[in-house]
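Open the model in your viewer and colour it by chain. The stops below go from the whole interface to single residues and then to the strands and helices around them.

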Amino acid sequence: MSVLVLAEVDGKTLKPSTYQAITAATYWGLAIDVLVYGKDLDAALAEASTISGVRQVLHAQADHLQHPLVEDVSDLVMTIASDYNVILTAHSVFGKSLLPGIAARLDTASITDVIAIEAPSHYVRPSYAGNILAHIDNHEDVQIVSVRSTAFRAAERNGNAQIVEISVPPSRAVSRWISEQLSHSERPELNSARVVIAGGRSLGEQFDSLLNPLAEKLDAAIGATRACVDAGFAANELQVGQTGTIIAPELYIAVGISGAMQHIAGIKDSKVIVAINHDPDAPIFKYADYGLVADLFSALPELNAALQ
Amino acid sequence: MKVLVAVKHAIDYNVKPDIHTETGQVDLAQVKKAINPFDEISLEEAVRLKERGHVGEIVAVAIGSAEAKDSLRHAYALGADRALLVETDQPLQPLAVAKLLKVIVEREQPQLIFLGKQAVGEDYGQTGQMLAALLGMGVGTFSSALQIAEGHIVVTREIDKGTETIALQLPAVITSDLRLNEPRFIKLPNLMMAKKKAIETLAANDLGVDLRPRFTVTRAVEPAPRPGAVQFATVNELVKQLRQTEVLV
Ligand SMILES: Cc1cc2nc3c(=O)[nH]c(=O)nc-3n(C[C@H](O)[C@H](O)[C@H](O)COP(=O)(O)OP(=O)(O)OC[C@H]3O[C@@H](n4cnc5c(N)ncnc54)[C@H](O)[C@@H]3O)c2cc1C
């Protein structure tokens with residue numbers, strides 16, 4: 001009886017969401033094994049072995065896992081899946097891409113984007129753009145679950161797990177990695193920043209020049225609405241919402257954002273929401289804790305000055 | 001080549017659903033429905049591939065009750081060549097949908113299978129990945145750009161910090177993201193024409209697939225509402241408040 005957590009390696013280290021998934025995994029009170037796959041894994045393995053609550057770190061190393069592809073990792077997981085009662089991962093882009101296929105191959109359901117585990121097979125997950133929280137009773141023998149990182153705290157690091165090497169099946173080569181195009185930003189990451197300041201399409205060409213100085217002062221990540229991304233004022237990976245990044249910072253500042261339900265779905269769990277909008281009836285004010293009815297083009301420079 | 005596009009008749013993305021007081025479940029009976037926006041993007045992409053000469057036939061497949069024909073007509077109006085309804089009145093979970101689609105894929109033998117990255121509504125986001133796994137095919141999730149090459153397809157995918165480009169052997173499953181394209185505006189004559197086109201209908205129960213639900217949504221609740229914003233008249237008052245509550249350090 002044990003839980004398998006699928007880790008994710010980012011460069012040399014584990015992604016923060018892996019720590020959050022491990023916290024979720026402790027819910028069952030069963031032994032936890034963490035699968036670390038890739039190439040050149042020494043640092044990530046050492047790290048994983050110190051995470052509290054982990055029994056074993058399964059080390060799966062292969063050249064073809066250097067840039068992991070869904071099909072290859074799925075084949076790998078299938079070689080050990082029958083040893084586990086629970087298979088769990090973070091609801092990251094890779095987690096979401098991988099987990100349902102593993103569930104299908106095991107002829108079982110997968111419960112995605114879980115924000116609370118209420119009992120060993122009872123979960124809460126948001127649906128309808130976060131307007132509904134669905135309580136789910138999963139009847140399957142094997143629980144296949146992905147968890148929303150922002151809903152779980154990160155596991156501590158005072159463990160001492162054993163590292164065990166496992167064999168990796170060859171690649172089926174139905175897919176092949178070609179390249180990645182990463183955006184380099186000096187700013188903290190959206191999904192883990194303490195403060196996020198986000199702009200809507202009304203910022204226009206001044207998106208960067210208005211938000212950057214404030215983000216700098218607040219050590220904040222920058223976010224954007226889809227309308228803003230579509231209009232070409234902000235990069236796609238800044239999109240916050242139902243179909244963008246889901247965030248839960250201590251402080252979220254929405255500037256010139258209407259508050260469409262798809263956007264709200266991604267910011268609901270923020271501790272404090274501040275909205276600046278010149279329309280007193282903008283829906284965002286229904287969700288905000290603090291509001292300022294003002295023109296953003298004058299309010300942002302004032303805010304910048306006030307933070308000196 | 002032939003392309004299959006899965007089409008879900010989903011809750012209209014602008015509608016905020018209500019919870020039925022007696023059942024404690026989301027009340028979908030009277031809710032406005034429309035084609036899932038991600039499926040519309042898939043169709044648009046299939047049509048563009050056809051316009052570029054890569055695709056011969058576009059088959060749209062919906063799974064659901066007879067009302068899903070509305071979304072199939074929408075698919076016709078956008079440019080689908082054939083439409084197929086796998087009919088059932090039973091609500092289906094992702095694994096059952098994937099299994100039904102597998103039967104249709106085996107029958108139609110498409111080279112490319114499009115699904116949306118998620119259906120608005122339950123927001124499960126699983127069916128494409130499940131279908132690919134059941135078929136043993138490669139999957140390109142969160143696709144924002146596609147290029148057809150000899151025997152394979154090059155897919156640019158949205159990842160956490162940018163994009164990634166992969167090649168998938170054909171046949172393959174693609175799930176569409178918002179940035180893949182912007183669906184064209186449907187002209188009225190196309191809609192009128194779509195009304196006259198035939199929709200082939202199969203009964204889901206006849207396809208030999210295990211449709212039983214694997215989990216139960218025991219209840220649906222609305223998240224606690226927020227009290228609404230405390231309004232400030234000036235930036236300085238706002239900053240003062242944020243400093244007082246220690247959110248600004
Ligand atoms: C399938 C689907 C998924 C989607 N997913 C997402 C998602 O993940 N995230 C997301 O954000 N959106 C998403 N959307 C889009 C969403 O529905 C809205 O269109 C979008 O959030 C609106 O962005 P906006 O607030 O920037 O623009 P608008 O709706 O145009 O609002 C602009 C706001 O700025 C205010 N404003 C204008 N000028 C000023 C000024 N000078 N000073 C102060 N205020 C000003 C206006 O009063 C208004 O409230 C999705 C849509 C679909 C169909």
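This tour follows the contact between chain A and chain B in a predicted model.

**Stop 1: the whole interface.** Select the residues of each chain that touch the other. You should have 78 residues of chain B in contact with 81 residues of chain A. Together the two chains bury about 6,700 Å², with 55% of it on carbon and sulfur atoms. Now pick out Lys161(B), Arg214(B) and Arg226(B). In chain B these residues lose the most area to chain A, together 12% of what that side buries.

**Stop 2: charges and polar pairs.** Keep Arg226(B) selected and add Asp289(A). The two form a salt bridge, and their closest N and O atoms are 2.9 Å apart. The count between chain B and chain A is seven salt bridges. Polar contacts across the interface link 45 residue pairs, with both residues at pLDDT 80 or more.

**Stop 3: the elements of chain B.** Show chain B as a cartoon. Several elements give two or more residues to the side that touches chain A, among them helix H3 (94-108), helix H4 (127-135) and strand S9 (162-169). S9(B) gives the most, with eight residues. By class, this side of chain B has 39 nonpolar, 23 polar and 16 charged residues.

**Stop 4: an antiparallel pair across the chains.** Stay on S9(B) and select strand S13 (175-182) of chain A. These two strands pair in the antiparallel sense over seven bridges. Zoom in on Ser179(A): its bridge partner in S9(B) is Thr165(B).

**Stop 5: a sheet shared by both chains.** Which strands make up the open sheet? Select S15(A), S14(A), S16(A), S17(A), S18(A) and S13(B), in that order: they form an open sheet of six strands with parallel pairing. The edge strands are S15(A), residues 221-224, and S13(B), each pairing on one side only. On average, neighbouring strands are turned by 20 degrees against each other, direction ignored.

**Stop 6: where the sheet crosses chains.** Select S18(A), residues 290-293, with S13(B). They pair in the parallel sense over three bridges. Tyr290(A) has Val230(B) as its bridge partner in S13(B).

**Stop 7: helices on the sheet.** Add helix H9 (296-306) of chain A. H9(A) lies across S16, S17 and S18 of chain A, running at about 130 degrees to S17(A). Then add H6(B), which packs on the sheet and touches S16, S17 and S18 of chain A together with S13 of chain B. The direction of H6(B) makes about 170 degrees with that of S18(A).

Technical notes
Residues numbered from 1 in each chain as written. Chains lettered and ligands numbered in written order. Predicted model: local features only at pLDDT ≥ 70, side-chain atom pairs only at ≥ 80, totals over all residues. Heavy atoms only, no water. Contact = heavy atoms within 4.5 Å. Buried area = accessible area lost by both parts, 1.4 Å probe. Salt bridge = Lys/Arg side-chain N within 4 Å of Asp/Glu carboxyl O. Polar contact = N/O pair within 3.5 Å; in protein donor to acceptor, adjacent residues only side chain to side chain. Helix = DSSP H or I, 4+ residues; strand = E, 2+ residues; numbered from the N terminus. Nonpolar A, V, L, I, M, F, W, Y, C, P; charged D, E, K, R; others polar. Pairing = 2+ DSSP bridges. Axes fitted to C-alpha atoms, helices over the stretch in contact; angles between N-to-C directions.
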